[in-house]
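Biologist: I should be grateful for a close look at a single part of this structure. Please choose one element and describe what it packs against, how the partners are oriented, and what lies at its end.

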Amino acid sequence: MSAYASNLEIIPILPDAPPMPAGDQSSAIEPAEKRSEMPMPRDWQSFVLTAILALFVLVILHFSGEVVLPILFAFLLNLLLQPAMNVLIKVRVPKTVAALFIVLLLVGAVTGIGFSLSGPAAEWIAKAPQSIARLEERMSAIMLPVAIFQKASQDVEKFAGGQGADDTSVSLRGPGLGSVLFSGARMMVAEFATMVLLLFFLLRSGDLFLRRIVEILPTLSDKKQAVDISREITRNISGYLVTITLMNVAVGIATGFATYMFGLSNPVLWGVLAFVLNYILILGPLSGVAILFLAGLLTFDTLWLAFMPAATYLAIHATEGAVTPLLLARRFELNPVLVIISLVFWFWMWGIAGALLAVPLLASFKIICDRIRPLMALGHFVGGENHSS
């Protein structure tokens with residue numbers, strides 16, 4: 001009896017498993033951990049509440065863009081400038097002095113570029129009426145079907161309105177262009193000052209946020225997970241931003257030189273425009289091609305010569321598009337369809353500023369999902385073709 005009892009003691013007690021059909025025994029070959037590697041949500045009540053909370057947060061972000069955008073750009077610039085901050089700290093420069101030096105350098109660069117572009121931009125704005133008339137003349141053949149359609153629509157509206165329709169026109173007078181531009185410039189200056197101030201304290205504080213988050217988390221595993229997510233976001237997003245910034249500088253210099261060689265006025269303006277637009281994947285370069293083509297139409301008389309600056313910029317961008325993925329070394333893979341959707345969504349949400357933030361936000365979201373078990377399936381969905389979980 002004691003021998004039988006001792007045998008019972010070494011038998012592992014397993015939880016009851018549901019009976020399997022006779023024909024489904026092959027499914028037992030798949031390991032349990034493989035099936036639960038990317039678990040799908042099963043508590044649909046919590047899932048619906050999370051979706052409602054996400055929609056509520058997006059609505060708040062939509063109406064609070066003037067406050068949220070400077071904060072997001074400050075954190076993004078902190079990731080971009082963190083390598084320079086680390087270099088200054090390694091050579092024993094005090095944190096306050098290093099942060100102040102980097103911020104003043106950034107403000108000086110932005111101010112210098114703004115002053116250098118103010119003259120060319122004012123020149124293009126001043127001759128806008130003549131430019132529009134010239135564009136209409138040059139593109140008359142392309143716009144002819146549109147003009148015919150507009151005339152037909154007007155004829156239909158006149159016929160539907162009848163001969164006795166009241167032709168009284170009502171004009172709505174709104175604020176003048178000057179007041180709109182002044183209020184917009186004042187808002188931009190206020191947001192830029194907020195971003196610069198916050199950026200200084202972010203560079204100065206270092207990993208203060210991470211230390212405070214680690215201190216308040218309850219368990220050791222949560223602390224390790226928070227550190228892992230923070231370091232991964234910092235490493236990947238910072239490397240991504242530094243790489244594309246250097247490549248965009250090269251694209252801007254090459255575009256400015258190309259426009260100068262082709263005879264376009266204000267090559268610095270086109271170089272800076274190419275530099276900024278290249279941060280917006282796909283949509284930015286396409287906009288650059290269209291803008292340079294219109295500028296060529298305004299400058300040159302022959303159509304093929306007018307298209308040359310845009311074609312050269314497209315070739316420069318194609319070269320950059322082949323080199324940049326190699327430099328990034330597949331730091332992260334994103335679903336290209338979701339990248340386009342993200343660009344369109346954030347552009348609708350916050351305009352050009354949202355389009356600039358679209359890819360870093362999507363990449364950060366993927367990194368977070370990849371390291372939180374209930375969200376791994378979503379992170380896998382956001383990943384690209386070569387994504388491996």
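Modeller: The account below takes one helix, its two packing partners and the loop that follows, and ends with two other sites.

The model is predicted, so local features are described only at pLDDT of at least 70 and side-chain atom pairs only at pLDDT 80 or more, while totals for chains, interfaces and linings use all residues. Residues are numbered from 1 along each chain as its sequence is written, and side-chain values use heavy atoms, without hydrogens or water.

As a setting for the close view, the protein contains 16 helices and 0 strands; these are DSSP runs numbered from the N terminus, H or I of at least four residues for helices and E of at least two for strands. Of its 389 residues, 29% are buried (under 20% relative accessible area, with exposed over 50% and partly exposed in between, for a 1.4 Å probe and protein chains only). Among contacts between residues at least 6 apart in sequence, 71% join residues at least 24 apart (a contact means heavy atoms within 4.5 Å).

The chosen element is helix 10, which covers residues 220-262. Its 43 residues reach 62 Å from the first C-alpha to the last, close to the 63 Å expected at 1.5 Å a residue (1.5 Å times one less than the number of residues).

Helix 10 packs against helix 15 (residues 352-370) at an angle of about 150 degrees, and the two axes are 10 Å apart. Axes are lines fitted to C-alpha atoms, for helices over the stretch in contact, and angles run from 0 to 180 degrees between N-to-C directions. Helix 10 and helix 15 are therefore roughly antiparallel (over 145 degrees, against under 35 for roughly parallel, 65 to 115 for roughly perpendicular and oblique for the rest). Their crossing is right-handed (the near helix is turned clockwise from the far one by less than a right angle; anticlockwise would be left-handed). On the side of helix 10, the contact involves Ile229, Glu232, Ile233, Asn236, Ile237, Tyr240 and Leu241; these meet Val359, Pro360, Ala363, Ser364, Ile367 and Ile368 of helix 15. By class, the residues of this contact are 10 nonpolar, 2 polar and 1 charged (Ala, Val, Leu, Ile, Met, Phe, Trp, Tyr, Cys and Pro count as nonpolar, Asp, Glu, Lys and Arg as charged, and the others, Gly among them, as polar).

The other partner is helix 11 (residues 267-277). The axes of helix 10 and helix 11 come within 7 Å and cross at roughly 150 degrees. This pair, too, is therefore roughly antiparallel, and the crossing is right-handed. Helix 10 contributes Thr245, Asn248, Val249, Val251, Gly252, Thr255, Gly256, Thr259 and Tyr260, while helix 11 contributes Pro267, Trp270, Gly271, Ala274 and Phe275. This contact divides into 7 nonpolar and 7 polar residues, with no charged ones.

The loop between the two helices deserves its own description. Just after helix 10, Gly263 adopts a positive phi of about 100 degrees. Leu264 lies in the loop between helix 10 and helix 11 and is buried, with a relative accessible area of 4%. Beyond its neighbours within four places in sequence, Leu264 touches Thr259, Trp270, Leu292, Ala295, Gly296, Thr299, Phe300 and Pro309. Its C-alpha lies 9.8 Å from that of Ala306, which is 42 residues away in sequence. Asn266 belongs to the loop between helix 10 and helix 11, has a positive phi of about 60 degrees although it is not a glycine, and counts as buried at 18% relative accessibility.

The chain continues through helix 11 to helix 12. Helix 11 and helix 12 pack at an angle of about 160 degrees, with axes 9 Å apart. That makes the two roughly antiparallel. Here Trp270, Leu273 and Leu277 of helix 11 meet Gly284, Pro285, Ser287, Gly288, Ile291, Leu292 and Ala295 of helix 12. The contact holds 7 nonpolar and 3 polar residues, and no charged ones. The buried residues of helix 12 include Gly284, Pro285, Gly288, Leu292, Ala295 and Gly296. The 17 residues of helix 12 (283-299) should span 24 Å at 1.5 Å a residue, and its end C-alpha atoms are 24 Å apart, which agrees.

Two sites elsewhere complete the description. Arg92, in the loop between helix 4 and helix 5, has a positive phi of about 65 degrees although it is not a glycine; it is exposed, with a relative accessible area of 76%. Ile71, in helix 4 (residues 65-90), counts as partly exposed at 34% relative accessibility. The C-alpha atoms of Ile71 and Met195 are 6.2 Å apart, although 124 residues separate the two along the chain.
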